[in-house]
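Please prepare a briefing on how two neighbouring helices pack and on the nonpolar cores of this model.

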Amino acid sequence: METRTQKADNIRGVIRYLQKFKNATVVIYLDDKLFDSPLFTSHIKDIALLHASGLKVVIVPGAKKRIDEVLGSANISWSYKDNVRITDQSAIPLIKMAAFDVTNIVMTNLAANKVNAVIGNWVRSRGKGILGGKDFGTAGEIDKLQTDAIQKILDDGFIPIFPCIGWNSNGQPYNISSINLAQEVATTLKADKLFFVMDGLEITAENYKIPEGFPLSESGDVPAMTVEEVDDFLKANKKGDPQTNRLLYLAKDACQKGVTRAHILNGKLDGVLPCEIFSELGSGTMIYTSDYGGIRPMTSGDIPRVLGLMRPFFESGKLLPRTETQLIEKMDDYIVYEFDGGIRACAALHKYPDGQAEIAAVAVDENFKHMGIGEKMVKYLCKIAKEKRTKSVFILTTQAADWFQSLGFKSDSVESLPPERRAKWTPERNSKVFRK
């Protein structure tokens with residue numbers, strides 16, 4: 001049963017995220033296969049709530065399914081090459097109709113939630129032309145976005161909705177990829193978040209080859225990847241699902257071009273958008289640059305939050321209790337892991353006169369343990385210990401022996417400890433010693 005403290009922490013988390021993302025720009029790609037889902041109206045309501053919370057929302061709806069239906073009804077054939085639909089010019093009026101059909105569905109549902117939206121022609125494009133002898137017909141490339149017009153619409157409190165159509169300077173329309181368009185809009189606007197809300201797509205150990213060392217949630221999902229880890233994943237899954245690989249590539253590229261984070265979400269789950277933005281639980285796979293957040297030295301201002309993080313570990317007996325005074329005295333020994341403006345983990349490296357060092361006070365927020373933060377903290381401290389020419393590193397634990405062994409620590413005796421640390425060891429607690 002959730003305790004009052006846990007409830008309070010959840011509420012504090014929501015308030016913190018509301019403050020962090022107020023006026024943030026988020027770009028949302030909605031797979032049009034979701035439009036027939038009973039959850040579609042729920043997703044739209046969630047988008048309306050995001051907008052009401054002060055976020056600047058941009059929507060790029062997919063139109064592939066609707067275009068297939070319209071062209072199929074007219075007996076117009078098409079083909080694909082490199083994820084690009086190829087048709088002749090007779091298809092473009094019907095493609096335009098299908099593209100605006102889906103944008104109108106989104107706008108109508110937003111209106112039902114008292115949200116104002118605008119559909120516009122903010123995309124300047126050019127024809128792909130002939131590549132490798134292949135005529136790409138009505139397929140287009142994005143040339144330019146009318147950034148000033150889009151920004152004004154956002155500042156005026158409207159949600160811009162992008163059809164998958166671009167126009168050249170002469171008014172010639174072209175069919176462009178909605179997924180590529182969402183990524184281009186996000187990078188051009190330097191969005192804080194880019195969401196790909198897909199029809200049932202989840203990156204799990206069951207469906208993909210997961211490189212060694214990747215953190216997994218308890219259900220086997222990959223909750224997050226750095227842009228470097230995306231490369232490792234794509235290498236391991238060269239023959240995997242082309243759509244997943246494409247989304248990961250675009251997400252990585254967006255992050256490298258200034259988007260703070262990109263997320264791949266399963267639209268068949270209710271509440272994926274607010275969970276991913278306003279809670280610490282998450283609901284999909286997040287892609288981010290490795291320099292976002294991360295490990296840093298603890299400061300005096302961090303101490304109340306670090307003690308709050310440690311409290312459940314004190315209560316369960318996993319850590320020895322520490323006081324604010326003790327943390328201040330040893331402040332230079334401590335590091336923290338900051339993520340989304342919150343302290344998500346802490347650890348310390350205590351050096352002893354005989355050349356040994358102790359990794360201690362390792363605590364990771366329960367909601368973030370699946371991201372491999374604890375392992376990163378321990379490896380970081382081992383690296384620091386090596387740079388300081390420490391003879392060896394040890395830890396004492398009562399409940400995490402298996403975990404430390406998985407990180408390369410070997411069992412050792414209490415007698416091997418430095419005299420001052422051995423004097424603090426008690427048979428009542430009976431902590432086990434492991435060394436690396």
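**Helix packing and nonpolar cores**

H7 passes H8 in a left-handed crossing, meaning that the near helix is turned anticlockwise from the far one by less than a right angle. This is a predicted model, in which local features need pLDDT of at least 70 and side-chain atom pairs count only at pLDDT 80 or more, while totals for chains, interfaces and linings use all residues. Residues are numbered from 1 along each chain, and side-chain values use heavy atoms, without hydrogens and water.

Helix pair
- The axes (lines fitted to C-alpha atoms over the stretch in contact) of H7, residues 227-236, and H8, residues 242-256, come within 10 Å and cross at roughly 160°.
- H7 is therefore roughly antiparallel to H8, a term for angles over 145 degrees.
- Val227, Val230, Asp231, Phe233 and Leu234 in H7 meet Asn245, Leu248, Lys252, Cys255 and Gln256 in H8, where contact means heavy atoms within 4.5 Å.
- By class, this contact of H7 with H8 has 6 nonpolar, 2 polar and 2 charged residues.

Nonpolar cores
- The largest nonpolar core (buried residues, under 20% relative accessible area with a 1.4 Å probe, joined through side-chain atoms within 4.5 Å) has 42 residues, and among those touching the most other members are Val27, Phe162, Leu248 and Ile264.
- H8 supplies the largest share of this core, 6 residues.
- Leu248 touches Ile203, Met225, Val230, Phe233, Leu234, Ile264 and Ile287, leaving aside residues up to four places away in sequence.
- A second, separate core of 40 residues includes Ala91, Val106, Ile277 and Phe278.

How values were computed:
Axes are lines fitted to C-alpha atoms, for helices over the stretch in contact, and angles run from 0 to 180 degrees between N-to-C directions. Helices (H or I, at least four residues) and strands (E, at least two) are DSSP runs, numbered from the N terminus. Angles under 35 degrees count as roughly parallel, over 145 as roughly antiparallel, 65 to 115 as roughly perpendicular and the rest as oblique. Ala, Val, Leu, Ile, Met, Phe, Trp, Tyr, Cys and Pro count as nonpolar, Asp, Glu, Lys and Arg as charged, and the others, Gly among them, as polar. Buried means under 20% relative accessible area, exposed over 50%, partly exposed in between (1.4 Å probe, protein chains only).
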